[in-house]
Amino acid sequence: MALRFSNTLTHQVEEFVPARDNTVRMYTCGPTVYSYAHIGNFRSFMFYDILRRWLRLRGLKLDHVMNITDVDDKIIRNAVAERKSLAEYTAIYEKAFLDDCEALRLERPERLVRATEHIPEMAKAIQQLADREYTYRSDGSIYYRIAKFPEYGKLSHSDFSGMRSGARVDVDEYEKADARDFVLWKAPKDGEPFWDTELGPGRPGWHIECSVMAIQYLGETLDIHAGGIDLVFPHHENEIAQSEALTGKPFARFWMHAEFLLVEGQKMSKSLGNFFTLRDILAQGHQPEAVRYLLASAPYRKALNFTFDGLKSAATAIERLRNYKLRLESGKFSGRDADALLARTAQARKEFDESLDDDLNTAQALASVFEYVRETNTLMDSGEFPVAAVEPALGLLGRFDSVFDVLQPNTKQGTLSSPEIEARITQRAQAKKAKDFAGADRIRQELLEQGIVLEDTKDGVRWKRK
Ligand SMILES: [Zn+2]
């Protein structure tokens with residue numbers, strides 16, 4: 001079966017093939033760097049990561065652009081309140097976002113682009129829209145006239161034909177009942193940052209940045225545009241209105257959206273006390289790999305219920321797979337019948353691939369791996385596992401891990417490898433020999449913080465994990 005994805009635009013599951021040269025031109029909506037990203041945000045970023053990895057494993061090349069929204073209503077409000085420049089304020093949260101992505105092992109898109117570095121291009125696009133009479137001015141701001149774009153509503157499958165013409169909205173985010181002419185360019189307010197452009201002074205609205213940067217880097221028609229489900233309306237609907245008015249071409253062939261994340265069965269909100277950043281969760285001692293596994297384990301089109309029990313189960317599942325890998329690498333096997341198991345391994349691998357080809361069904365892909373692990377662990381217990389099956393079984397785990405990426409322990413979180421530990425013990429011995437006792441103690445303390453206990457015996461230093 002071919003690779004196929006659910007397309008929000010058509011409400012169909014469709015076969016996916018890039019339009020040209022085996023390269024997927026993909027745009028995903030990135031973070032607004034006004035605060036630390038929360039775990040619901042990371043559900044979307046995890047979806048992008050799984051999508052990237054699977055497209056590549058399917059032999060496709062990637063040209064993936066993601067924006068960093070570093071100017072919007074919330075950023076300006078917070079930066080002004082903290083008496084920082086926009087750049088000073090957003091640098092903090094952009095770095096935090098990239099650090100969080102690294103902890104979660106999210107691949108970096110080919111291009112990460114900042115909105116504030118594309119203001120002249122946005123002004124130019126707005127001028128082009130104005131030339132084609134898609135816009136009007138009011139109080140120094142410029143609005144998109146949605147009555148001029150009859151297809152408005154085609155992505156969210158909404159009929160907006162009865163709406164009031166000329167009603168306007170200035171904020172970047174608004175509700176579906178509120179389809180109104182949206183702002184492209186905002187007139188400067190007292191004390192707020194602005195740019196001087198061919199349109200006069202002001203700043204861009206949120207929606208125009210994605211249209212402009214996507215077209216600039218990827219061309220007029222993208223293969224895939226992805227985001228969280230909350231972006232379908234108004235953000236993506238507005239992106240379509242802007243982009244298609246500019247180019248006269250379909251803006252994206254596939255629109256893909258990740259469903260909501262719930263926490264303990266409820267919508268995440270600060271007032272319910274179930275609002276978590278990644279940092280909050282890691283500070284409670286959870287491993288980033290467990291968070292990664294949990295976020296990846298539900299198919300992106302299903303709502304994901306993030307629970308602390310689920311996080312513990314994720315850690316257990318990872319441990320089971322790591323132990324299995326260790327057993328494969330270090331066990332002695334003497335089973336005789338290799339053929340049946342080789343066929344079973346090929347079948348598991350086929351199931352894994354077909355699950356991900358089926359609109360990235362990660363739950364099904366995991367099930368096929370765990371069923372295989374369960375069966376072959378039993379064969380190992382009874383001495384029936386043949387040595388000829390070791391490499392193919394490791395191959396299956398390798399394929400699993402090139403998507404899920406949880407098998408390698410996180411060395412930053414206190415799981416130094418044995419060679420790393422031994423290297424530190426040698427350094428400590430050298431420090432002692434040079435009578436640098438403070439240095440030696442420091443190394444002992446550092447290792448202790450990583451969960452490694454040293455014991456000085458008459459036969460030398462022994463170590464163990466706490
Ligand atoms: Zn966007």
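Me: How many positive and negative side chains does the protein chain have, and how far apart do the centres of the two sets lie?

Reply: In such a count Lys and Arg are positive and Asp and Glu negative, with His and the chain ends left uncounted, and each charge is placed at NZ of Lys, CZ of Arg, CG of Asp or CD of Glu. In this protein chain there are 64 positive and 71 negative side chains, and 4 Å separates the centres of the two sets. The model is predicted, so local features need pLDDT of at least 70 and side-chain atom pairs count only at pLDDT 80 or more, while totals for chains, interfaces and linings use all residues. Residues are numbered from 1 along each chain as its sequence is written, and side-chain values use heavy atoms, with hydrogens and water left out.

Me: What does the secondary structure of the protein chain come to, and what box do its C-alpha atoms fill?

Reply: Helices (H or I, at least four residues) and strands (E, at least two) are DSSP runs numbered from the N terminus, and on that basis the protein chain has 14 helices and 18 strands. Taken along the principal axes, the box filled by the C-alpha atoms is roughly 85 × 60 × 45 Å.

Me: What percentage of the residues count as buried, and how much area does the protein chain expose?

Reply: A residue is buried under 20% relative accessible area, exposed over 50% and partly exposed in between, with a 1.4 Å probe and protein chains only; here 52% of the 466 residues are buried. The areas come from the Shrake-Rupley method with a 1.4 Å probe, where for residues only the protein chains shown count as cover, and the protein chain exposes about 21900 Å², of which carbon and sulfur atoms supply 49%.

Me: Among contacts with a separation of 6 or more, what share do residues 24 or more positions apart account for?

Reply: With contact meaning heavy atoms within 4.5 Å, residues 24 or more positions apart supply 75% of those contacts in the protein chain. Val113, in strand 5 (residues 111-114), gives a local illustration: leaving out residues up to four places away in sequence, Val113 touches Val65, Met66, Asn67, Ile68, His118, Met213 and Tyr217. Val113 is buried at 5% relative accessibility, and its C-alpha is 9.7 Å from that of Ala214, although 101 residues separate the two in sequence. Ala125, in helix 4 (residues 119-131), is likewise buried, at 6%, and touches Val212 and Leu246 once neighbours within four places are set aside.

Me: Which residues coordinate the zinc ion, and why is the arrangement of donor atoms irregular?

Reply: Donors are N, O and S atoms within 2.8 Å of the metal (3.2 Å for Na, K and Ca), and sites may look incomplete because water is not among the atoms; here Cys29 (SG), Cys210 (SG), His235 (NE2) and Glu239 (OE) coordinate the zinc ion at 2.1 to 2.7 Å. Four donors are tetrahedral if all angles lie between 85 and 135 degrees; four are square planar and six octahedral if opposite donors are over 155 degrees apart and all others between 65 and 115; anything else is irregular. The 4 donor atoms around this zinc ion subtend angles of 71 to 134°, so the arrangement is irregular. Cys29 belongs to the loop between strand 3 (23-28) and helix 1 (39-57) and Cys210 to helix 5 (residues 206-218), so the pair ties together parts 181 residues apart in sequence. Cys29 is buried at 4% and Cys210 at 0%. Beyond four places in sequence, the contacts of Cys29 include Phe45, Tyr48, Met66, His225 and His236.

Me: Which residues show backbone features of note, and where does Asp359 lie?

Reply: Most residues other than glycine have a negative phi, and most peptide bonds are trans. In this model a cis peptide bond, with omega about 0°, joins Phe233 and Pro234, and Pro234 sits in helix 6 (residues 232-247). Asp359 has a positive phi near 55°; this residue lies in the loop between helix 10 (338-357) and helix 11 and is buried at 10%. Asp405 has a positive phi near 50°, is found in the loop between helix 12 (390-404) and helix 13 (418-433), and is buried at 18%.
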